[in-house]
Every structure is written in C-alpha cells, then in structure tokens.
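Here's a walk through one model, helix by helix and sheet by sheet. Have the viewer open and follow along.

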Amino acid sequence: MSDRENRQFRPLPVPNVELAGLFGARQDAICNSTAATLLDRCVEAGMIQAIDVSQPSPGIVIPLQTWSGSTQMFWDSDLGKSIETIAYSLYRRPNAELEAHADAIIDMYEKLQQEDGYLNAWFQRVQPGRRWTNLRDHHELYCAGHLIEAAVAYCQATGKRKLLDIMSRFADYMITVFGHGEGQLRGYCGHEEVELALVKLSRVTGEKKYLDLAKYFIDERGQEPHFFTEEALRDGRDPKNFVQKTYEYSQSHLPVRKQTKVVGHAVRAMYLYSGMADIATEYNDDTLTATLETLWDDLTTKQMYVTGGIGPAASNEGFTDYYDLPNESAYAETCASVGLVFWANRMLGRGPNRRYADIMEVALYNGAMAGLSQDGKTFFYENPLESAGKHHRWTWHHCPCCPPNIARLLASVGSYMYAAADNEIAVHLYGESKARVPLGGVTVQLSQTTRYPWDGAIRFEVNPDRNAKFALSLRIPEWAEGATLAINGAPVDLTAITVYGYARIEREWQAGDSVDLALPLIPRTLFANPKVRQDAGRAALMRGPLVYCVETTDNGHDLNGISLSSDPASAKTTEIAALEGAVALDVSVTRDEADWGSDLYRTAPPKSTASTARFVPYHLWDNRDPGEMLVWIRADQMQRGA
C-alpha cells in the first residue's frame, strides 16, 4: 500500500466554510424558514411535551404498529436533527430567538437524563420498563446517535457544551452496557446511525473510547449466534415473527466484512456503510475498505437511479432486484440520497478519488436537494423520476425524518466540499465559497469564485499565512471532457498531474497564488443499461452534475409524447428568474400530435412534428405551477442512430 492510501482525510468543520452561490441560497432558505419550521412542527407534533419532565407524559400519541413500535419512538432523532440544523443556521446567521428555543430543549434533555447517563424520551416516559429489550426494532441507539450529532454541531456553532456533555455521559454509559464483558449486551442497533455519530464525538472530544465503541458495533453486526434472535427469545418474542422477516432489512444477515450485495432498508444501509468508512479511515482498516469498494460497485452499477436516488420500493423503503428502477413509483427516499452523500464523503477519507466524489455530487444535487423546496418550507419524502401531476411536496409527515435530514445536510454542505490531511487539501465539490484550512502548522485561506453549477469557470485564490509546501487536489469530473487548468495564468497539463481523477498540484504556495479550472458544461444524454426495462428506448439529459427534466408548466401536458430528435449538446441555455436564475435547456425534439380523437387504439402511429422542449434541473421541479414531470424522455431515433 502506498503512503498516499495510508493518509487520513477529514472534512473541515462547518464553521470553517462560508458559502455563497447556489448552496448559499439554500442555506439562506434554511436560515429564513426551514430551521424555525422544523422546530415549530416538532412542537405541534407534541415532541417537546414528550421530553418535558415538568409535564405529564403524553403517552402513546402515534399508535403502536405491527412491529410493536411507533414512529413516536424516533422523536428524539427528529429533535436531534432539528437542533443540528439550527446549529448550522446560527453559524451562518445569528438568531437569538431560535437559539433560546434550542437552549430550552437542551435544558429539558438535561433534566430528563437519568443518573446513569441514559436518555430516551420514549423509554423513560412512555415505556420505562422496556429499555434495551428490542434493539432490532425500537431505535434506541439510532436516537442517541442523532442527539450526539446535534451535540457536536451545537458545540461547534455556539461554543455551548451542555448537550455535548449530556451525550458524552450517555456514550460513557453505553460503553458499560455493550461489549463482550460479563453482564454486557452483545448488541447493536437495528437502525444504524450511532456508529458514525460516535466517530464525530471522538473527533471533537479527542476520546478514542468512542471510536472503539463505534468499531465494536460494526464488528459485532451479523455475528453468530445472532443477537437479534437471542434478544427476541429473552424477551419472549418469536424471533421469526417480525415485519420484514429477514435480517437483510437491517444489514445484519452477515458480518459486515462478508457482505457483498447492498440489501434491505436503504437509509440503514447508507448509515452503516458511512460508519464503516469512518472506521476504515480512523483505523486504516483495509478489510473494511475492500468490503465497501465491493458494495459501492454493487450499488452504483446495478441499483442506483441516474439522480443518485436509491431504494426503489416502498414495501421495505429499500432495495429489490438488480436493475429494478421504476420511475413513477420510485420510492428513492430523500434520506437515502442524503445517506449516499454521507457514505461517498466518508469513502474519500482515505484519499481523493473521483469514483466516490462524482456520485456524491450527483446524489447531493439531484436525489437529495430535490427534497427541499426553494423557499425551505415544504419537503419530498419520495423522489420519483416521473409524475402524472399528483406528487407534490408536503409540510410534514407521520415519520418526519427527511425534512431535518436534508436541512442539516445542506446547512453543513461546506464540510462536504473540502477535506484536509497532514499536507494536502482536497476540493471535492465546487461552489462560491471561502474555506479556512488548518494544515500542518500553516493556515490556508482558500476561496472559490464561480457560478458553478450554472457556469464551469472556477477560480481559486490560495492564501497561506506563510509560504508553505502542500498539495491542492481538485476533482476533475468524469463528464468534464476538455477541462483545463492554469496556475497563476500558466496552463498546466492535466494528464500529467491527475491522480484518481483529481488534479494534484503540489508546490510551494504563497499568498496571492491563483488556480483557474474550467469545466465544460456541455449538455449530454445518458442511456440506461438495457436491463433497466423501465428506461428502454429513453434517455436522460444532464449538464454538469445536474439531471434535467421536463414539466407541464414549460411544455404543456402529455410529456410522454416528447422525443429527443438530436444531440442536445447545442441546446440553447436560458436563465429562469422564477428558479433563482437556474439554467434551463431548450432542446430540439419531436412531439406527437395531441389530436388523436376518441379512439383508444389505431393501426397507425400518431403524427409528430418538430418542436422545442424546455428542460429544467430536476432538483427544482414542483417549485412553480403543479403538473406533470418526466426525466427519461423517449429517444428512439437517437438510439437507432437516426
């Protein structure tokens, strides 16, 4: 193994990155609307009463379901993600009222916490006798994980340690509960999350014991005798009688290093792989890295939508068969794409590699960002690639995991853009921003000036606080044919310095140095593997990292009557004021004549005429007048070479 592969890249803390441009606009919407909206709707749902020991317990507000649980069990996680979102928003824009509201909730958690450190609203206030009795189904550690992440974020953003101290006490208690020692539970959570949270806690506190606990949960998963089977028997339950009837649902069917296929609940899978990747980075664990590479290929070559959406089925909120990617019924939960961004980002922990960062970008811009409206007030849970006009964003959900998840991702997206090792800065994502990078004794101020993803010209200004030698690695996306690079105005041969898809510029840097990167944003068509039966004879349009779609508001009804008639590379671009200046593509197409008459069937096909269709970025659909939407467009003529 080379020295480079032994490096450990860690994301920049959120406060170290200041954003403008498209991501900055999303963050402004979160500051203006989403952060407060999340908290207001948590209050309306009854979540605050659930943790307030000065009030009677609300009892079971959301009825128990067939799995003997209730989505109310997850309320701690919804509050945790909401506090995390608030934390990031406070860094961007101070808001005394919102901060006071978050502080009050944290005070309630402090009063709720038991002397031994345990903390969970449901198992303290609703079912106090059921602590640690059904880890398979009841999300105790999952809730703890989201509160840990909230604690780390809130401490970084405000400097207030109260929630961090609370959750550190809970984590210390977990260390006594779980393990192979006498009287300890040899368990782990049915819904992974705590693993990656413990890594964050370790990084912010410097305590390796939290890393060790995360590693324990990962190493123990799927081992025989199976913990979930033994747990059910201890609890007087039939271990075979549960909703999904398979441990594949929670990726606990095999020890993690023996898993080769991505299966089960999509969000759980992404969180597990994220935790595994973090542990692979922290422990330089090649066995985990090798497993993750196999799983990555399985997902991205057989089970992922062109948008970076994953998990086509509602029945298990997850994966089905290879190449089963229906469009109109696509589940593609927002949380699952958020989780894919998490996983991809953590796969970059062992060094820059385009195969992960390109997918991270696609999943972020398309599969995830579609989940939040432009004004930051409404949300998608499912993200189909085709709609007959009845799929719209909603204000809340009985299982409101997606709103705070997409909000916390976009509010912290600066930390996904940049990562640093001892002597290297990696730039994974592009966008107008300023980053402060501590790097082996030198602090580097790195700024990007760009209108990306609308324009592919990107200028970096590199300002170390003293002259220093280090590497700056810039991702060259696979689609960016003809990309060019110049340092202080002098062109550089990209082929000579590109490593794993990143231009690695190693030199003595001094204040005022500049790098100009040009990524050609040429519209292109993508065709699906012929085994994806739902996309046969169709094509999708992309420009840069963005998937495009057609909507009724631009093109009228009957979108399936549109056929691509030529290469869209020469499509006319137009900025749409109603979509905050987003670039639309006006593409030459043919269109079936709508005047078919009353016949249901005929012996002759419909006549078609030349026309132009307007395509807009998929993540912005359903932000204007409601109507139909379509990503995969008929392309019979193009596929026949016509």
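What follows covers two helices, the sheets and a couple of individual residues.

## Helix α1 and its kink

Keep in mind from the start that this is a predicted model. A good place to begin is α1, a 25-residue helix covering residues 21-45. From first C-alpha to last, α1 reaches 34 Å, close to the 36 Å expected at 1.5 Å a residue.

That said, α1 has a kink of about 50°, and the kink is centred on Ile30. Just past the end of α1 you'll find Gly46, which takes a positive phi of about 100°.

## Helix α3 and Thr85

Next up is α3, residues 75-92. With 18 residues, α3 spans 26 Å between its first and last C-alpha atoms, close to the expected 26 Å. Of those 18 residues, 16 are buried, so α3 is largely enclosed by the rest of the structure.

Thr85 sits in this helix. Is Thr85 buried or exposed? Its relative accessible area is 0%, so Thr85 counts as buried. The side chain of Thr85 reaches the backbone oxygen of Lys81 at 2.9 Å. Beyond its neighbours within four places in sequence, Thr85 is in contact with Ile30, Ala35 and Leu38, and also with Pro404, Ala407, Arg408 and Ala411. Here the α1 kink comes back into view: Ile30, on which the kink is centred, is 55 residues from Thr85 in sequence, while their C-alpha atoms are 8.2 Å apart.

## The six-stranded sheet

Now for an open sheet of 6 strands, with mixed pairing and the order β1-β4-β5-β9-β13-β12. The edges belong to β1 (10-11) and β12 (498-499); each has a single partner strand, so one side of each is left without a neighbour in the sheet. Starting from the β1 edge, β1 pairs with β4 (residues 418-420) in the antiparallel sense over 2 bridges. In that pairing, Arg10 has Ala420 of β4 as its bridge partner.

Further in, β5 (residues 424-427) pairs with β9 in the parallel sense, over 4 bridges. Glu424 has Ala471 of β9 as its bridge partner. On to the β9 and β13 pair: these strands run antiparallel and are joined by 8 bridges. Look for Arg475, whose bridge partner in β13 is Tyr502.

What about burial in β9? In this strand, 7 of the 8 residues are buried, so β9 is largely enclosed by the rest of the structure. Helix α14 (residues 354-368) lies across both β9 (468-475) and β13 (502-509), and runs at about 60° to β9.

## The seven-stranded sheet

There's also an open sheet of 7 strands with antiparallel pairing, in the order β2-β6-β7-β8-β14-β10-β11. At its edges are β2 (17-19) and β11 (490-492), each pairing on one side only. From one strand to the next, the twist averages 20°.

Within this sheet, β6 (residues 433-439) and β7 (residues 442-450) run antiparallel with 7 bridges between them. If you want a register marker, Arg436 stands opposite Gln445 in β7.

## Strands around β21

Farther along the chain, β21 (residues 608-617) is joined to β17 (residues 546-551) by 3 bridges, and the two run antiparallel. Cys549 has Val616 of β21 as its bridge partner.

β21 also runs antiparallel to β20 (residues 582-592), with 8 bridges joining this pair. Here Asp592 stands opposite Ser608 in β21.

## A stop at Glu230

To finish, find Glu230 in helix α10 (residues 227-234). Its relative accessibility is 31%, so Glu230 counts as partly exposed. Setting aside neighbours within four places in sequence, Glu230 is in contact with Arg186 and Pro225.

With Arg186 there's a side-chain to side-chain polar contact, at 3.3 Å. Glu230 can also be placed relative to Gly187: the two are 43 residues apart along the chain, and their C-alpha atoms are separated by 9.9 Å.

Conventions. Residues numbered from 1 in each chain as written. Predicted model: local features only at pLDDT ≥ 70, side-chain atom pairs only at ≥ 80, totals over all residues. Heavy atoms only, no water. Expected span 1.5 Å × (residues − 1). Bend = angle between axes of the 7 residues up to and from the residue. Pairing = 2+ DSSP bridges. Contact = heavy atoms within 4.5 Å. Axes fitted to C-alpha atoms, helices over the stretch in contact; angles between N-to-C directions. Buried < 20%, exposed > 50% of the residue type's maximum accessible area, 1.4 Å probe, protein only. Polar contact = N/O pair within 3.5 Å; in protein donor to acceptor, adjacent residues only side chain to side chain.
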